[in-house]
Amino acid sequence: MVDFIGVSRVRELLLRRGTARFIEELAGEIEADFLRWDAFEKSARHATHSSVGVIELMPASDGRLYAFKYVNGHPKNTQEGLLTVTAFGVLADVQSGYPLLLSELTLTTALRTAATSALAARRMARPGSRVMALIGNGAQAEFQAIAFHHLLGIRELRLYDVDPAATDKLERNLAALRLEDLEVVRCGSTAAAVAGADVVTTATADKCNATILTPELVVPGMHLNAVGGDCPGKTELHRDILLREDVRVVVEYEPQSRIEGEIQQMQPDYAVTELAAVLAGRAVGRRHAGEVTVFDSVGFALEDFSALRYLRTIHQQERGAQVQIDLIPSLRDPKDLFGLLGTQPARIADRRSAAA
């Protein structure tokens with residue numbers, strides 16, 4: 001039997017722990033795994049693109065456990081009442097190859113993305129950052145707001161989306177959360193939201209080389225958390241922002257980010273730093289207060305590995321709707337897979353004899 005975590009179980013675990021605590025603990029697990037960077041077998045995700053979206057497989061292994069995530073990205077889905085992103089994942093034992101866990105990862109991907117954003121920002125944003133602009137108020141927005149409020153101390157959140165209904169939704173959900181000492185300001189444009197912000201998070205969904213942020217909006221000392229650009233042909237930052245002399249770009253896994261991230265716009269020798277080096281202290285996240293820092297976040301399989309490992313741990317710790325599924329046959333004789341069918345062939349033969 002294989003552990004199974006569905007949407008209702010993740011919701012149950014979140015309600016028991018609280019979303020902020022869940023994100024904080026998950027950020028700790030992600031950091032712990034990034035600090036074991038060299039222990040992992042890593043690769044860029046395998047992507048199958050179409051005119052309307054992408055379907056991807058994201059594997060990672062530390063030699064003891066193996067994980068993969070299936071995830072799609074279809075920006076036009078919302079027009080049909082469907083999610084832009086859906087995902088599920090498997091955690092397996094390397095020694096036997098047996099799966100240990102099958103889990104939803106749609107909700108969990110949003111949580112781990114926000115956890116990783118805040119984890120990077122703690123090393124890259126200026127100390128004392130309190131104001132964040134959140135451009136793109138869709139499915140990721142609440143998670144980013146909670147993570148930066150709880151882990152970075154953001155106290156003013158400026159919202160903008162080209163779809164006013166998305167901002168309505170975000171305002172309503174944030175009001176229901178009653179986050180302590182958080183002022184939420186609705187803005188009429190990207191420029192208005194960004195003016196005076198310490199941190200700018202872009203989390204848009206359009207599958208195009210967009211310019212959500214343009215050079216004149218970016219001032220010295222800002223930290224840019226670019227979340228939405230995550231596949232070839234999909235970006236959010238104007239190329240000239242990356243060409244600034246005072247810019248520092250941190251990525252998750254360089255080979256993947258050069259294909260999918262903001263830096264797909266740049267030459268192959270464009271200088272970047274991997275997050276693992278920053279977390280381990282081998283590189284700095286910010287050199288000085290006036291530097292413009294960019295976390296070019298595309299999402300990396302190691303984060304899903306951490307999320308699946310964390311989910312399995314708390315799933316087994318917490319009482320409640322613990323479910324297992326018979327995904328793998330259990331056999332008395334492992335060489336007799338056909339034995340699962342019992343006497344079915346004999347019954348077929350009997351029916352043929354009767355028909356004759």
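Contact here means heavy atoms within 4.5 Å. In that sense threonine 116 touches Ile30, Glu252, Leu275, Phe295 and Glu303, when residues up to four places away in sequence are not counted. The structure is a predicted model, and threonine 116 has its place in helix 3. With a relative accessible area of 1%, threonine 116 is buried, because buried means under 20%.

**Helix 2 and its surroundings**

One of the residues that threonine 116 touches, Ile30, is also among the buried residues of helix 2, which are Phe22, Ile23, Leu26, Ala27, Ile30, Glu31, Asp33 and Phe34. Seen down the axis of helix 2, these buried residues fall within an arc of 165 degrees, so they line one face of the helix. The elements that cover the buried residues of helix 2 include helix 1, helix 3 (106-124), helix 4 (141-151), helix 9 (275-279) and helix 10. The length of helix 2 agrees with expectation, since its 16 residues should span 22 Å at 1.5 Å a residue and its end C-alpha atoms are 22 Å apart.

**Salt bridges**

A search of the whole structure finds 26 salt bridges, and three of these pairs are set out in the table.

| Pair | Closest N to O distance |
|---|---|
| Glutamate 12 and arginine 16 | 3.4 Å |
| Arginine 309 and glutamate 29 | 2.8 Å |
| Arginine 158 and glutamate 156 | 2.8 Å |

Glutamate 12 and arginine 16 both belong to helix 1 (residues 7-17), where they are four residues apart, or about one turn of the helix. An α-helix has 3.6 residues a turn, so residues three or four places apart point the same way. Arginine 16 counts as partly exposed, at 43% relative accessibility. Glutamate 12 and arginine 16 also take part in a wider network of salt bridges, which links Arg9, Glu12, Arg16, Arg17, Arg21, Glu25 and Glu318.

The side chains of arginine 309 and glutamate 29 also meet in a salt bridge. Arginine 309 lies in helix 10 (residues 301-317) and glutamate 29 in helix 2 (residues 19-34), so this pair ties together parts that are 280 residues apart in sequence. Arginine 309 counts as buried at 19% relative accessibility, whereas glutamate 29, at 26%, counts as partly exposed.

In the salt bridge between arginine 158 and glutamate 156, arginine 158 is buried with a relative accessible area of 15%, and glutamate 156 counts as buried at 18% relative accessibility.

**Helix 5 and the loop that follows**

Helix 5 (residues 164-177) has 14 residues and reaches 20 Å from its first C-alpha to its last, close to the 20 Å expected at 1.5 Å a residue. Its buried residues are Ala166, Thr167, Leu170 and Leu174. Seen down the axis of helix 5, they fall within an arc of 95 degrees, so they line one face of the helix. These buried residues pack against strand 7 (131-135), helix 4, strand 8 (156-160) and strand 9 (183-186), while Arg172, Ala175 and Ala176 are exposed on the other side of helix 5.

The loop between helix 5 and strand 9 holds arginine 178 and aspartate 181. Arginine 178 has a phi near 55 degrees, a positive value in a residue other than glycine, and aspartate 181 has a positive phi of about 60 degrees although it is not a glycine. Arginine 178 is exposed, with a relative accessible area of 75%, and aspartate 181 is exposed too, with a relative accessible area of 55%.

**A buried strand residue and a surface patch**

Alanine 92 is found in strand 5 (residues 87-93) and counts as buried at 10% relative accessibility. Leaving aside neighbours within four places in sequence, alanine 92 is in contact with Arg64, Leu65, Tyr66, Tyr98, Pro99 and Leu100. Alanine 92 and leucine 224 are 132 residues apart in sequence, and their C-alpha atoms are 35 Å apart in space.

On the surface, Leu337, Phe338, Leu340 and Leu341 form a nonpolar patch that has about 410 Å² of accessible area together. Leucine 341, one of the residues of this patch, lies in the loop between strand 17 (323-325) and helix 11 (344-355), and at 41% relative accessibility leucine 341 counts as partly exposed.

Conventions: Residues are numbered from 1 along each chain as its sequence is written. This is a predicted model: local features need pLDDT of at least 70, side-chain atom pairs count only at pLDDT 80 or more; totals for chains, interfaces and linings use all residues. Side-chain values use heavy atoms; hydrogens and water are left out. A salt bridge is a side-chain nitrogen of Lys or Arg within 4 Å of a carboxyl oxygen of Asp or Glu. Helices (H or I, at least four residues) and strands (E, at least two) are DSSP runs, numbered from the N terminus. Buried means under 20% relative accessible area, exposed over 50%, partly exposed in between (1.4 Å probe, protein chains only). The expected span of a helix is 1.5 Å times one less than its number of residues. The arc is that of the directions from the helix axis to the C-beta atoms. Patches are made of residues with over 30% relative accessible area and no salt bridge: like charges are joined within 9 Å, nonpolar side chains (Val, Leu, Ile, Met, Phe, Trp, Tyr) within 5 Å. Accessible areas come from the Shrake-Rupley method with a 1.4 Å probe; for residues, only the protein chains shown count as cover.
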